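The following paragraphs examine how a ligand is held by its protein and then turn to one residue of a helix. Please keep the structure in view while reading.

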Amino acid sequence: MEVTVAGPWPTLPVLPSPAAHQVVDSGLAAELAYALGGPFHFLLPDAFAANLVAMQDVLTGAGVDGFVYYAKKANKAAVFVERAATGGAGVDVSSTAELREALGHGVRGEHLMVTGPAKDPALLRLAITHSATIAVDALDELDRIISLALTGRVRPARVLLRAMSDTQPHSRFGMSDSELNTALERCLRAGDAIRMEGFSFHLSGYALQPRADLAARLIDRCLKARVMGLEASRISIGGGLPISYADARSWHTFLEAHHPAHYHAGKTFRSDGFYPYHSPVAGADALAALLATRPEGSESPLSELLGDAGIELLLEPGRALLDRAGATVFRIQGVKDRDGYQILTVDGTSLSLSEQWFNSEYLPDPQLIPQERDAPTGVFPASIGAATCLESDMLTWRKIAFPHPPRIGDLLLYPNTAGYQMDSNESPFHDLPLPPKVVIDRTDRARPRWRLDRHFT
Ligand SMILES: *Cc1c(COP(=O)(O)O)cnc(C)c1O
């Protein structure tokens, strides 16, 4: 069924990913779909490694002493933890299971950063035993850490004190100015049980100026804490480096063009609820821009303030390290006609594409991989539903203008899903198995090689 409508169908083509294209063009994606018999994620760890090197190079280039921790919550795969370890990065974890995973996949305990609110005693004990850095979220947590470190008599607990931001006064994370003052007193009193290494924050949103401003305030706080006799030599600026899925023009054209009529059932999404699929500076460039930002009231850029104060900059990127490091492939198992478009049903659920669960939609255009290489061309709009009995379980409400008629057995590739999309919300709903993760680790060869991320039992 070919459809022509007045006005253009909004599209959001992704920036090119040669490694992902190679997986499709070499026929490997189709072969894996056949072999695995269901949806799967493929991972491109070389992209992760390149993103990591780019960030480390930015730190070096700006003359900043720094260290990158990969925020593990953005993807559950083992291979990214392994690449973090071999690439000279640490890992940011928030649970005992994540900590165990990181240690088990080769990260040294002292290269772990433990974040998250109200960490349970087992996690804190493990963190202290392995000399991980703990980002302390609250005063009662600090008290627990101090008593664990005192009674454990193993080694001092390494802590950062997590600060709240003036710009996000309703955040449930971090400590206020007066709580931080109390925390400093308690660290001092704890003596050798605690190594107060500095401060941390993690802001939501992607703006650079508030991050630079808060970093500068925490540099000041470090200088004052040193006068008290504390170590205070590091600050962590958390995550939140944005990435660009699409170019500027595509993104702005999309935002202007899209309309409820372009979505199945006239579904509406708030434009400000979408991830910003394009950012003027992204990834390592955003880090460079942050280091070059002059905090409010300062004559010098952040990089110089850090150097002058002799402070190490820590960062905890998740999404930005995973840019173009993976994609998700479904098979079309049903095609039905609606008025002027079609509904495709794929062999998986939107739980493997997490954006829907934030009342939003993952907008980068999925790519149709037809079985027939000479499939006819035209404009074939279709929305994409899951193989579940829930009306709302749609992978894509938007009617995607496919260039070929979608057919049963064709594949659909959702691009650039490694950062948060793949597995944050995955569950074996309807007793459907979770899509396996396939590591493609030699995309420089004519034919890429693959293996499973872990051996399933
Ligand atoms: C989620 C989180 C991160 C990672 O954020 P990204 O936006 O993926 O870079 C880093 N630090 C903390 C404390 C977090 O909660």
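In this predicted model, an oxygen atom of the ligand has a polar side-chain atom of tyrosine 420 at a distance of 2.5 Å. Of the accessible area of 390 Å² that the ligand has on its own, 87% is covered by the protein. A polar backbone atom of glycine 240 also approaches the ligand, at 2.8 Å from an oxygen atom. Aspartate 92 contributes through its side chain, where a polar atom is found 3.3 Å from a nitrogen atom of the ligand. The pairs formed by tyrosine 420, glycine 240 and aspartate 92 each count as polar contacts, because their separations fall within the cut-off of 3.5 Å for N or O atoms.

The surroundings of the ligand may be considered next. The ligand is located in the largest pocket. Around the ligand there are 13 residues, of which Lys73, Gly240, Glu316, Gly318 and Tyr420 come nearest. Which classes make up this shell around the ligand? Five of its residues are charged, five are polar and three are nonpolar.

The account now moves to the helix. Aspartate 285 belongs to helix α11, which spans residues 283-292. Is aspartate 285 buried or exposed? Its relative accessible area is 52%, and aspartate 285 is therefore classed as exposed, since the threshold for that class is over 50%. Between aspartate 285 and leucine 203 the C-alpha to C-alpha distance is 18 Å, while the two residues are 82 residues apart in sequence.

Key. Residues are numbered from 1 along each chain as its sequence is written. This is a predicted model: local features need pLDDT of at least 70, side-chain atom pairs count only at pLDDT 80 or more; totals for chains, interfaces and linings use all residues. Side-chain values use heavy atoms; hydrogens and water are left out. Helices (H or I, at least four residues) and strands (E, at least two) are DSSP runs, numbered from the N terminus. Buried means under 20% relative accessible area, exposed over 50%, partly exposed in between (1.4 Å probe, protein chains only). A residue is near a molecule or strand if one of its heavy atoms lies within 4 Å of it. A polar contact is a pair of N or O atoms within 3.5 Å; within protein, one must be able to donate a hydrogen and the other to accept it, and residues adjacent in sequence count only if both atoms are side-chain atoms. Accessible areas come from the Shrake-Rupley method with a 1.4 Å probe; for residues, only the protein chains shown count as cover. On a 1 Å grid over the protein atoms alone, a cavity is a set of points where a 1.4 Å probe fits but cannot get out, and a pocket is an open set with protein on both sides within 12 Å along at least five of seven lines; lining residues have an atom within 4 Å of a point. A molecule sits in a cavity or pocket if more than half of its atoms lie within 2 Å of its grid points. Ala, Val, Leu, Ile, Met, Phe, Trp, Tyr, Cys and Pro count as nonpolar, Asp, Glu, Lys and Arg as charged, and the others, Gly among them, as polar.
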